[in-house]
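I sat down with this one to see what a single helix could tell me about its surroundings. Here are my notes, in the order I looked things up.

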Amino acid sequence: MPIMDGLESTRQIRKLLNKHFEETGKDLRDLPICALTANDTAKERAACLGSGMSDFLTKPPDMNEFKKVLKNVFPDFE
């Protein structure tokens with residue numbers, strides 16, 4: 001991304017959601033943010049989750065793995 005990468009974008013989104021909660025009382029802090037990346041390493045996964053992402057999926061996406069991610073961030077997903 002030209003201005004900021006997904007890690008920094010996620011950190012900024014999380015900051016904005018925290019500020020929104022403090023100002024309005026509306027809690028959107030658990031908004032799912034999932035990585036879709038070609039970097040399939042433990043270090044990349046840790047960086048994504050550490051930035052505030054909810055889950056991690058590698059390219060090319062496997063449908064079964066995608067369903068697992070959806071189930072993780074949306075527990076009622078069938």
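A reminder to myself before anything else: this is a predicted model.

**Entry 1, the exposed side.** I began with helix 1 and found Lys15, Leu16, Glu22 and Glu23 exposed on its other side, away from the buried residues.

**Entry 2, the buried side.** Which residues of helix 1 are buried? I noted Leu7, Ser9, Thr10, Arg14 and Leu17. They sit on the same side of helix 1 because they cover an arc of only 155° around the axis. I then looked for what covers them, and helix 2 (42-50) is included in that cover.

**Entry 3, length and ends.** Helix 1 runs over residues 6-24, 19 residues in total. From first C-alpha to last I get 26 Å, close to the 27 Å expected at 1.5 Å a residue. At its start, Asp5 brings a side-chain oxygen to within 3.2 Å of the backbone nitrogen of Leu7. Just past the helix, Gly25 has a positive phi of about 80°.

**Entry 4, the core.** Leu7 turned up again in the largest nonpolar core, together with Ile33, Ala35, Cys48, Met53 and Phe56. In soluble globular proteins, nonpolar side chains tend to be buried together. I followed Met53 further: leaving aside neighbours within four places in sequence, Met53 is in contact with Gly6, Leu7, Thr10, Ile33, Cys34, Ala35 and Cys48.

**Entry 5, a peptide bond to remember.** Where is the cis peptide bond? I found it joining Lys59 and Pro60, with omega about -15°. Pro60 belongs to the loop between strand 2 (55-58) and helix 3 (63-73).

Technical notes:
Residues are numbered from 1 along each chain as its sequence is written. This is a predicted model: local features need pLDDT of at least 70, side-chain atom pairs count only at pLDDT 80 or more; totals for chains, interfaces and linings use all residues. Side-chain values use heavy atoms; hydrogens and water are left out. A nonpolar core is a set of buried Ala, Val, Leu, Ile, Met, Phe, Trp, Tyr and Cys residues joined through side-chain atoms within 4.5 Å. Buried means under 20% relative accessible area, exposed over 50%, partly exposed in between (1.4 Å probe, protein chains only). Contact means heavy atoms within 4.5 Å. Helices (H or I, at least four residues) and strands (E, at least two) are DSSP runs, numbered from the N terminus. The expected span of a helix is 1.5 Å times one less than its number of residues. The arc is that of the directions from the helix axis to the C-beta atoms. A polar contact is a pair of N or O atoms within 3.5 Å; within protein, one must be able to donate a hydrogen and the other to accept it, and residues adjacent in sequence count only if both atoms are side-chain atoms.
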